[in-house]
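Hi,

Here is the structure I said I would pass on. Have a look at it first, and then read my notes below.

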Amino acid sequence: MADSEPGHEMARSDLRASHEDRDRVVELLRVSAGDGRLTAEELDERLERAITARTYGELAGLVADLPAAGSVAGPPAPQAKDVVRIDTGSGHTKREGRWVVPRRMEVRIHSGHVLLDFTQAVITQPALQLNVEVRSGHVVLITRPGIVVDTDDVAVRNGHVKVRPPQEHDGPEILRIEVSGRVGSGHVIARPPRRTFWQWLRRQPDPQAITAH
């Protein structure tokens with residue numbers, strides 16, 4: 001039997017990709033976005049294409065301009081901690097900028113407040129378990145498109161829980177924050193970032209106002 005001619009051999013780029021192949025690309029895209037290599041819009045677009053990709057070639061095109069995980073071209077991917085605990089009396093605690101989102105957070109507040117800003121956070125896993133114990137302070141979560149906040153498991157006594165989603169978002173979910181615990185006379189709020197001074201000056205729409213309709 002004669003050998004197959006090279007021109008008839010199927011190129012690797014044309015081979016069908018598996019679910020595991022897509023998952024690896026999705027994880028690399030998320031890490032790259034957290035490192036600042038992709039904008040939120042680019043991440044959304046590439047995640048959509050990765051989820052529906054059929055071949056190796058389609059997946060390879062989505063990460064061709066990104067350093068591979070473990071590559072010497074860039075630093076190692078950040079590792080998320082299993083648990084981060086925050087205990088605040090009457091002071092203020094913040095997590096903002098490029099902080100790595102852990103798998104679980106336990107937040108205890110007596111009369112202070114805690115701010116968790118996810119707009120530039122490094123997201124390396126699809127979910128965050130957030131357990132809160134608020135007596136008279138408050139917890140504020142600053143979200144971005146692709147982040148979903150679920151507060152169904154929060155027991156409220158005299159305070160309140162309010163979730164304002166980011167702007168209308170048709171892209172994939174990049175992080176689900178599952179909030180549980182108890183709120184006494186304080187509150188838990190999840191909202192998108194407020195307009196900057198320049199956005200206000202240029203009369204750009206307020207993200208919170210858009211989602212209020």
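**Helix packing, sheets and core**

Helices α1 and α3 are roughly parallel to each other, because the angle between them falls under the 35 degrees that sets the limit for that label. Keep in mind that this is a predicted model. The angle itself is about 10 degrees, and the axes of α1 (residues 19–34) and α3 (residues 56–63) lie 10 Å apart. On the α1 side the contact is made by D21, R22, V25, L28 and L29, and on the α3 side by Y56, L59, L62 and V63. By type, that contact has seven nonpolar residues, two charged ones and no polar ones.

Next, the sheets. One is an open sheet of five strands, and its order is β1-β3-β5-β9-β7, with parallel pairing. At the edges sit β1 (83–88) and β7 (147–156), each of which pairs on one side only. From one strand to the next, the twist averages 15 degrees. Inside this sheet, β3 (residues 104–109) and β5 (residues 127–134) run parallel and are joined by six bridges. If you want a spot to start from, take V107, whose bridge partner in β5 is V132.

Then there is β6 (residues 138–142), which is mostly covered, with four of its five residues buried. Strand β4 (residues 113–117) runs parallel to β6 and is joined to β6 by five bridges. H113 has H138 of β6 as its bridge partner. Five bridges also join β6 to β10 (residues 187–191), again in parallel. In that pairing, V140 is matched with I189 of β10.

Finally, the core. Which residues touch the most other members of the largest nonpolar core? They are L29, L116, F118, L130, L141, L175 and I177, out of 43 residues in that core. The element that gives the most to this core is α1, with five residues. L29 is worth a second look, as this residue is on that list and is also part of the contact between α1 and α3.

L130 is another one to click on. Leaving out residues up to four places away in sequence, L130 touches M105, V107, L116, L141, I177, E178, V179 and S180. Among these, L116, L141 and I177 are also on the list of residues that touch the most other core members, and V107 is the residue bridged to V132.

Cheers

Definitions and conventions:
Residues are numbered from 1 along each chain as its sequence is written. This is a predicted model: local features need pLDDT of at least 70, side-chain atom pairs count only at pLDDT 80 or more; totals for chains, interfaces and linings use all residues. Side-chain values use heavy atoms; hydrogens and water are left out. Axes are lines fitted to C-alpha atoms, for helices over the stretch in contact, and angles run from 0 to 180 degrees between N-to-C directions. Helices (H or I, at least four residues) and strands (E, at least two) are DSSP runs, numbered from the N terminus. Angles under 35 degrees count as roughly parallel, over 145 as roughly antiparallel, 65 to 115 as roughly perpendicular and the rest as oblique. Contact means heavy atoms within 4.5 Å. Ala, Val, Leu, Ile, Met, Phe, Trp, Tyr, Cys and Pro count as nonpolar, Asp, Glu, Lys and Arg as charged, and the others, Gly among them, as polar. A nonpolar core is a set of buried Ala, Val, Leu, Ile, Met, Phe, Trp, Tyr and Cys residues joined through side-chain atoms within 4.5 Å. Buried means under 20% relative accessible area, exposed over 50%, partly exposed in between (1.4 Å probe, protein chains only). Two strands pair if DSSP finds at least two bridges between them.
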